[in-house]
Amino acid sequence: MIRVRAIGYFKAALVFALPIAVLAPVMGRIVLNGTPSVKASIFWKTPDQAIEKGDFVMAPARHPYIPPNYPYLTKIAMCFPGDRLKFEAGRFSCNGVPLNQTKKETLTGAPLEPFQWNDAVIPPGKVFIGSPHPDGFDSRYLGFFAIEELTRLEALI
């Protein structure tokens, strides 16, 4: 009787432990996007690949307006070291290509201050990240991100 129960417990443990053991390494590479900022919802982390202009990236979320349940931002790498970033009339541009307009307040009415930048080359090691969404909260307000704190992402869905 004791032996039968032990085998039953062993089988039950396998039913739960085996899928967890198989999926655990994979689960740490999946990133979910909870906002409409970019047009993808599920990403695969590819930290071993160099980040290039136009790549999706994961960046640390660090601003009082960002809720604590959003530890990271999912954005697009838009402007790199050596590129000319210009801010004029409430809009950033990268090498003359317009990026999205800034806003004066959030959707809830909180004031927004754009990143203070005039017209200069982006310094080494820094990246301007953003999104095509007009309400995206990104480098337009948060400034540059160090390239080493970004993780490259591949869109799955």
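Okay, let's start with the overall layout: this protein chain has 2 helices and 11 strands. Bear in mind as we go that we're looking at a predicted model.

So how are those pieces ordered? Read along the sequence, you get α-β-β-β-β-β-β-β-β-β-α-β-β. In other words, the pattern opens with a helix and closes with two strands after the other helix.

Now the chain as a whole. There are 157 residues in the protein chain, and 36% of them count as buried. On the outside, the chain exposes about 9,700 Å², with carbon and sulfur atoms supplying 64% of that. And what about contacts along the chain? If you take the contacts with a separation of 6 or more, 61% of them come from residues 24 or more positions apart.

Let's zoom in on one strand, β5, which covers residues 84-88. Which strands does β5 pair with? One is β8, residues 119-121, joined to β5 by 3 bridges and running antiparallel to it. If you want a spot to look at there, find Leu85: its bridge partner in β8 is Ala120.

The other partner to look at is β6, residues 91-94. Here 4 bridges do the joining, and β5 and β6 run antiparallel as well. Phe87 has Phe92 as its bridge partner in β6, so to speak a Phe facing a Phe across the pairing.Last stop, the turn itself. β5 and β6 make a hairpin with 2 residues between the strands. What is the phi of Ala89 in that hairpin? Ala89 takes a positive phi, near 55°.

Terms used
Residues numbered from 1 in each chain as written. Predicted model: local features only at pLDDT ≥ 70, side-chain atom pairs only at ≥ 80, totals over all residues. Heavy atoms only, no water. Buried < 20%, exposed > 50% of the residue type's maximum accessible area, 1.4 Å probe, protein only. Contact = heavy atoms within 4.5 Å. Areas by Shrake-Rupley, 256 points an atom, 1.4 Å probe, with all protein chains shown as cover. Pairing = 2+ DSSP bridges.
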